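Please open the model in your viewer and keep the selection panel to hand. The stops below say what to select and what is there.

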Amino acid sequence: MLRSTCFALPLALLACLGASLALPAGAATQCPQHFAAGSAPVVANPKLQSRTQEVCFEAFAVLHSGISRTPLYSAEHLTRANLEAAQDLSRKDSFHPELSLPAQDRAELKDYARSGYDRGHMSPNADFATRSAQAESFSLANMVPQVHANNAGIWAGIEGATRQLALKEGELYVASGPAFIGSDIKQIGRVLVPTHVWKVLYSPRQQRAGAYVVTNDETREYSTLSVADLEKMVGIQLLPGLPQKVRDAGMELPRPVSPHDRKGKAKKGQGGQGAQPAEEEFTLKDFSRNILDAIGRAIKH
Amino acid sequence: MTEQFKPYANEADVIRIGDLEIENGVDRVTLTGDIVLTKDKAGLALARELQALVEKVTKALEDDKALPEVVEVKEARAVKNPFA
């Protein structure tokens with residue numbers, strides 16, 4: 001990045017002030033194209049910051065933590081053109097450790113082996129238009145330990161709803177990640193198991209943003225919240241390039257889609273028979289306030 | 001595709017039959033998603049792939065002389081939250 005030296009002369013100082021105001025609000029990043037307004041999330045909780053490393057992929061970016069050995073977020077820019085161009089998924093893929101990370105910081109396949117947990121994608125492979133981007137999504141730098149019923153159930157439904165909304169809106173900026181809430185956390189191998197997973201969506205067309213959060217268990221309930229509340233929950237400023245009023249306002253989010261319409265594409269010719277409304281499958285329940293209150297109490301102690 | 005898939009041989013392989021995603025693991029093979037077997041030649045091809053997969057899984061389990069009643073899972077440990 002180009003940065004000029006500032007001299008303490010009145011005119012230069014003014015110029016410097018102007019320049020610093022124009023700087024993006026986000027963290028330093030090698031791949032701004034994956035982030036809303038080109039601004040990467042800023043880690044606010046200093047305990048989350050240590051042993052983090054950005055990994056830029058073709059179609060998404062993660063901030064990886066060598067403490068949890070998971071991403072702290074995985075960010076992607078979904079466009080209608082890309083989703084429509086998306087080839088059918090490759091017939092063969094491979095989970096793999098992220099070799100660009102230091103060995104002591106990265107998850108290995110053996111950390112997850114015999115744990116009973118799924119390797120849950122944060123940016124899902126079905127979002128991506130190219131085989132190479134799909135293959136990269138199987139990096140363990142994009143995975144968290146996730147309960148299978150959650151990954152295959154409500155979380156897959158949220159991923160499908162996100163694709164459908166991106167098709168409708170034309171584009172969305174999306175980030176997804178884990179939350180680790182409470183005094184004790186489960187660990188498999190050397191990898192921490194998140195208590196919650198979340199997905200934040202920003203629609204440039206609507207100028208609105210909002211988030212889903214679910215507990216990492218067999219739940220069929222989800223909560224929605226504003227970006228500002230999610231940021232408090234996870235300790236990361238997720239959309240630093242957006243005006244505060246957008247981060248505060250929240251957004252009407254679609255219900256997670258039923259398992260029969262996960263692809264976020266037009267229904268394949270199955271007639272009307274399978275078209276059961278998804279409304280009853282997953283239910284909206286506002287539990288985010290309880291989590292935020294608990295975090296608020298913990299901070300006061 | 002299913003020819004190269006060796007059930008329970010590794011933690012890495014992912015293959016797809018229709019919209020069914022099959023993940024390999026040393027202690028489990030997981031099938032997620034759905035598959036529509038249409039009454040046509042494409043449906044028959046998918047059905048044969050699925051049959052080949054299930055036969056391989058069944059054989060691997062039958063051939064395991066020490067097959068347990070219930071697979072053993074390593075319990076997750078509780079650790080102090082490093083981020084709290």
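**A sheet across two chains**

In this predicted model, start with the open sheet of four strands, whose order is E5(A)-E1(B)-E2(B)-E3(B) with antiparallel pairing. Select its edges next: strand E5 (92–94) of chain A and strand E3 (30–34) of chain B, each of which pairs on one side only. From one strand to the next, the twist averages 20°.

Now add helix H1, residues 41–63 of chain B, which packs on the sheet and touches E1, E2 and E3 of chain B. The direction of H1 makes about 145° with that of E1(B).

**Strand E1 of chain B**

Select residues 13–17 of chain B, which are strand E1. How many of its five residues are buried? Five of the five are, so E1(B) is mostly covered by the under 20% cut-off for relative accessible area. In a regular strand the side chains alternate between the two faces of the sheet. In E1(B), Asp13(B), Ile15(B) and Ile17(B) are on one side, Val14(B) and Arg16(B) are on the other, and all are buried.

Turn to the pairing. E5(A) and E1(B) run antiparallel and are joined by three bridges. Show Lys92(A) here: its bridge partner in E1(B) is Ile15(B). Ile15(B) also has a bridge partner in E2(B), namely Ile22(B).

Extend the selection to strand E2, residues 19–23 of chain B, which pairs with E1(B) in the antiparallel sense over four bridges. Val14(B) is found opposite Glu23(B) of E2(B). One residue lies between the strands of this hairpin, and Gly18(B) there takes a positive phi near 60°.

**Aromatic pairs**

Next, display the aromatic side chains. There are seven aromatic pairs over all chains. Among them is the stacked pair of Phe57(A) and Phe60(A), at 4.5 Å centre to centre with 15° between the planes. Phe57(A) and Phe60(A) are both buried.

Then select Phe180(A) and Phe83(B). Their ring centres are 5.4 Å apart and their planes stand at 55°, so this pair is tilted. Which chains does the pair join? It crosses from chain A to chain B: Phe180(A) is in the loop between strand E8 (171–179) and strand E9 (184–188) of chain A, while Phe83(B) is in the segment after strand E4 (77–80) of chain B. Phe180(A) counts as buried because its relative accessibility is 10%, and Phe83(B) is buried with a relative accessible area of 5%.

Go back to chain A and add Phe128(A), which forms one aromatic cluster with Phe57(A) and Phe60(A). Another stop in chain A is Arg119(A), which lies over the face of Phe95(A) at 3.8 Å from the ring centre.

**Chain B as a whole**

Finally, hide chain A and look at chain B. Chain B has one helix and four strands, running β-β-β-α-β from the N terminus on. Its C-alpha atoms fill a box of roughly 55 × 40 × 20 Å along the principal axes. The radius of gyration of chain B is 17 Å, whereas a compact globule of 84 residues would have one near 12 Å.

Colour chain B by burial: buried residues make up 31% of its 84 residues. Of the contacts in chain B between residues at least 6 apart in sequence, 30% join residues at least 24 apart.

How values were computed. Residues are numbered from 1 along each chain as its sequence is written. Chains are lettered from A and ligands numbered from 1 in the order in which they are written. This is a predicted model: local features need pLDDT of at least 70, side-chain atom pairs count only at pLDDT 80 or more; totals for chains, interfaces and linings use all residues. Side-chain values use heavy atoms; hydrogens and water are left out. Two strands pair if DSSP finds at least two bridges between them. Axes are lines fitted to C-alpha atoms, for helices over the stretch in contact, and angles run from 0 to 180 degrees between N-to-C directions. Contact means heavy atoms within 4.5 Å. Rings of Phe, Tyr and Trp (its six-membered ring) pair if their centres lie within 6.5 Å; planes under 30 degrees apart count as stacked, over 60 as edge-to-face and the rest as tilted. Buried means under 20% relative accessible area, exposed over 50%, partly exposed in between (1.4 Å probe, protein chains only). A charge sits over a ring if NZ of Lys or CZ of Arg is within 6 Å of the ring centre and within 35 degrees of the ring normal. The radius of gyration is taken over C-alpha atoms; the globule rule is 2.2 Å times the number of residues to the power 0.38.
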